[in-house]
Amino acid sequence: MESSLDLTKKKALIDKNSKLSIARQCKLLGISRSTVYYKPTPPSEDEIRIKNAIDRIYTAHPCYGTRRIRKELEDYGIFIGRSRVRRYMREMDIDAIYPGPNLSKRNKLHHTYPYLLRNVNIDHANQVWGIDLSYIGTSHGWMYLVVIIDWYTRFVVGWGLSNTLHIEFVLEAVKRAIARYGKPEIINSDQGCHFTCKDYIELLKSNEIIISMNGKGRATDNAITERFLRSLKHEKLYLEDLHNGREAFRAIDAYI
């Protein structure tokens, strides 16, 4: 399946002033003509309210699946089916944490790597960095936050905020962190699509950084980064009435 980032790059190549028709250019690039004319519509207030409620429930109870989250939503006056909860969680890039079957078998995706930090003594800065993504809700939409933390100092060495889940803002956060603080020996992440994609893997390898990934369903493998994100939301973001991405950026920057 073609990634949204590849599609965006291809759409940027379309020249409406070219002698070639739009249809011909789309055919040569291998994309649908309808994608060139598509203009995204903003989310409804109802969708924003539900996703922000899901975020609060999931942050407090990351082991909750669609059944329990659907039930918890009733306390917010939200009555929707599991399928809608499941779809929103997928769009928010969150999954319930639970021990799945056959955990001893390695994931067969090309860019997954084993967890390397079990029983490792972390005793100096730039030995291990942890990286993670999180949904950030506002009253008019949502953003996505990437955070990079040094596991020894607990210092946030890099972060970035985006209104999309494109990989570019993750790559830029890693590059800025390396430029400012030097490269770590190891970076640990989950097995999400951003951290198993070719561009991310190549960036780490080009800097000779060892790659470590959480075991499937094991959020405790990246507990330091997960704990920071929960603290950020409970101690700062949930206490403020954030209206947009600009206000979210300022609040996150002030907290860090």
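Colleague: Before we look at Ile54, what does contact mean here?

Modeller: Contact means heavy atoms within 4.5 Å. With neighbours within four places in sequence left aside, Ile54 is in contact with Ile69, Leu73, Tyr88, Met89, Met92 and Ile94.

Colleague: And what should I keep in mind about the model itself?

Modeller: This is a predicted model, where local features need pLDDT of at least 70 and side-chain atom pairs count only at pLDDT 80 or more, while totals for chains, interfaces and linings use all residues. Residues are numbered from 1 along each chain as its sequence is written, and side-chain values use heavy atoms, with hydrogens and water left out.

Colleague: How do I read a helix that has a buried side, and which residues of α6 are buried?

Modeller: The general idea first: an α-helix has 3.6 residues a turn, so residues three or four places apart point the same way. Buried means under 20% relative accessible area, exposed over 50%, and partly exposed in between (1.4 Å probe, protein chains only). Helices (H or I, at least four residues) and strands (E, at least two) are DSSP runs, numbered from the N terminus. In α6, residues 82-91, the buried ones are Val85, Tyr88 and Met89. Down the axis of α6 they fall within an arc of 100°, so they line one face of the helix; the arc is that of the directions from the helix axis to the C-beta atoms. Ser83 and Arg90 are exposed on the other side of α6.

Colleague: What do the buried residues of α6 pack against?

Modeller: They pack against α4 (45-60) and α5 (66-73). After α6 comes Asp93, with a positive phi near 65°.

Colleague: Let's try α9 next. Which of its residues are buried?

Modeller: In α9, residues 198-206, they are Tyr200, Ile201, Leu203 and Leu204. Seen down the axis of α9, these fall within an arc of 160°, so they too line one face of the helix. Lys198 and Ser206 are exposed on the face turned away from the buried side. The cover over the buried residues of α9 includes β1 (128-138), α7 (168-181) and β4 (186-189).

Colleague: Now the sheet: in what order do its strands lie?

Modeller: Two strands pair if DSSP finds at least two bridges between them. Here an open sheet of 5 strands runs in the order β3-β2-β1-β4-β5, with mixed pairing. β3 and β5 are at the edges with a single partner strand each, so one side of each has no neighbour in the sheet. The twist averages 25° from one strand to the next; axes are lines fitted to C-alpha atoms, for helices over the stretch in contact, and angles run from 0 to 180 degrees between N-to-C directions. β2 and β3 pair in the antiparallel sense over 6 bridges.

Colleague: Which helices lie on the sheet?

Modeller: α7 lies across β1, β2 and β3, at about 155° to β3. α9 packs on the sheet as well, touching β1, β4 and β5, and its direction makes about 135° with that of β5.

Colleague: Last topic, the cores. How many residues has the largest nonpolar core?

Modeller: In soluble globular proteins, nonpolar side chains tend to be buried together. A nonpolar core is a set of buried Ala, Val, Leu, Ile, Met, Phe, Trp, Tyr and Cys residues joined through side-chain atoms within 4.5 Å. The largest one has 43 residues, and Ile54, Leu73, Ile131, Val170 and Tyr200 have the most contacts inside it. Its largest share, 7 residues, comes from α7.
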